[in-house]
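Welcome to my notebook. I went through this structure step by step and wrote down what I looked up along the way.

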Amino acid sequence: MPVDAGMPWGQNLSMDDTHPMQQALDEARSAALRGEVPIGAVIVDAETGHVLARAGNRTEELNDPTAHAEVLAIREAASLLENPRIENCDLYVTLEPCAMCATAISFARVRRLYFGAYDAKGGGVDHGPRVFEQSTCHHRPEVIGGMEETASAMLLKEFFKGLR
């Protein structure tokens with residue numbers, strides 16, 4: 001599905017619709033076209049299958065170091081639900097979240113986190129500070145890593161190769 005023809009917020013997923021991780025990859029591709037690090041995120045209501053939010057990195061565009069795809073998607077979903085806790089939602093993201101994003105995921109009470117590529121250098125879930133394993137972490141989502149890992153990693157490799 002082309003990025004511009006993405007699903008509108010709140011549209012219900014069916015078996016024929018693009019999987020949320022594919023939508024996250026579309027968001028990552030769009031981010032790369034904007035000159036952003038290609039990371040995309042999608043939030044889905046786990047009960048209804050509605051896509052609540054889609055985002056790609058916008059740190060450069062917004063001059064905002066917190067404008068990571070995960071944070072932007074969480075903000076959009078929380079706003080749509082009119083609740084800072086999005087407990088019945090699943091987050092799909094193309095790269096292992098950093099410590100900042102992992103903390104936001106915990107604060108938002110995301111039910112389940114799916115991510116693509118692992119990030120040994122900047123990750124905060126399976127690498128680095130392992131935010132969800134800390135005793136100070138009040139909410140630990142279920143985590144499934146490695147979903148579309150090859151496609152996610154390839155987007156990042158190609159993007160950074162083009163900068164060299």
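**Entry 1: the largest pocket**

I began with a question: how many residues of each class, nonpolar, polar and charged, are in the lining of the largest pocket? I counted by class and got 10 nonpolar, five polar and five charged residues. Please keep in mind, as I did, that this is a predicted model.

I then looked up the pocket itself. Its volume is about 430 Å³. The lining of this largest pocket is made by 20 residues. I noted the ones that lie nearest the centre: Val37, Ile39, Leu95, Asp119 and Leu156. I also asked myself which element gives the most to this lining. I found helix H5, residues 149-163, which supplies four residues.

A general thought for the margin: rolling a probe the size of a water molecule over the atoms shows where empty space is left.

**Entry 2: the overall layout**

Next I stepped back to the whole chain. I found five helices and five strands in the protein chain. Read from the N terminus on, the elements follow the order α-β-β-α-α-β-α-β-β-α. I looked up burial as well: of the 164 residues, 45% count as buried.

**Entry 3: strand E3 and its neighbours**

I turned to strand E3, residues 89-95. Is E3 mostly covered or mostly open? I found it mostly covered, with seven of its seven residues buried.

Which strands pair with E3, I wondered, and in what sense? Strand E1, residues 40-45, is joined to E3 by five bridges, and the two run antiparallel. Strand E4, residues 112-117, also pairs with E3 over five bridges, but in the parallel sense.

I followed one residue to see both pairings. Leu91 in E3 is the bridge partner of Ile43. Leu91 also stands opposite Leu113 in E4.

I then traced the path between E3 and E4. Together with helix H4, residues 99-108, these two strands make a right-handed β-α-β unit.

**Entry 4: salt bridges**

My next topic was charge. In general, side chains of opposite charge can pair when their charged atoms come close. I counted six salt bridges in this model.

I started with Arg54, which forms a salt bridge with Glu27; their closest N and O atoms are 2.9 Å apart. Arg54 lies in strand E2 (residues 51-56) and Glu27 in helix H1 (residues 20-33), so the pair ties together parts that are 27 residues apart in sequence. I checked burial for both partners: Arg54 is buried, and so is Glu27.

I then looked at Arg34 and Glu61, whose side chains meet in a salt bridge at 3.5 Å, N to O. This pair links distant parts of the chain, 27 residues apart: Arg34 sits in the loop between H1 and E1, and Glu61 in helix H2, residues 59-62. Arg34 is partly exposed, with a relative accessible area of 30%. Glu61 is partly exposed too, at 43%.

A third pair I wrote down is Glu142 and Arg112, whose side chains meet in a salt bridge at 2.9 Å, N to O. Here again distant parts of the chain are linked, 30 residues apart, with Glu142 in strand E5 (residues 142-145) and Arg112 in strand E4. Is Arg112 buried or exposed? I found Arg112 buried, because its relative accessible area is 17% and buried means under 20%. Glu142, on the other hand, is partly exposed at 42%.

One more note on this topic: Arg34, Arg58 and Glu61 are joined into one network by salt bridges that share partners.

**Entry 5: Glu149**

I went back to helix H5 for one of its residues, Glu149. Glu149 is partly exposed, with a relative accessible area of 36%. What separates the C-alpha atoms of Glu149 and Ala117? I read 4.4 Å, although these residues are 32 apart along the chain.

**Entry 6: two positive phi values**

Last, I looked up backbone angles. Asn63 has phi near 50°, a positive value in a residue other than glycine. I placed Asn63 in the loop between H2 and helix H3 (69-81). Asn63 is exposed, with a relative accessible area of 69%.

Arg109 also has a positive phi, near 65°, and is a residue other than glycine. I located Arg109 in the loop between H4 and E4. Arg109 is partly exposed, with a relative accessible area of 27%.

Note on methods: Residues numbered from 1 in each chain as written. Predicted model: local features only at pLDDT ≥ 70, side-chain atom pairs only at ≥ 80, totals over all residues. Heavy atoms only, no water. 1 Å grid on protein atoms, 1.4 Å probe; cavity = no way out; pocket = protein on both sides within 12 Å on 5 of 7 lines; lining within 4 Å. Points joined across faces, edges and corners; volume = space filled by probe spheres on them. Nonpolar A, V, L, I, M, F, W, Y, C, P; charged D, E, K, R; others polar. Buried < 20%, exposed > 50% of the residue type's maximum accessible area, 1.4 Å probe, protein only. Pairing = 2+ DSSP bridges. Right-handed = clockwise from strand over helix to strand, strands pointing away. Salt bridge = Lys/Arg side-chain N within 4 Å of Asp/Glu carboxyl O.
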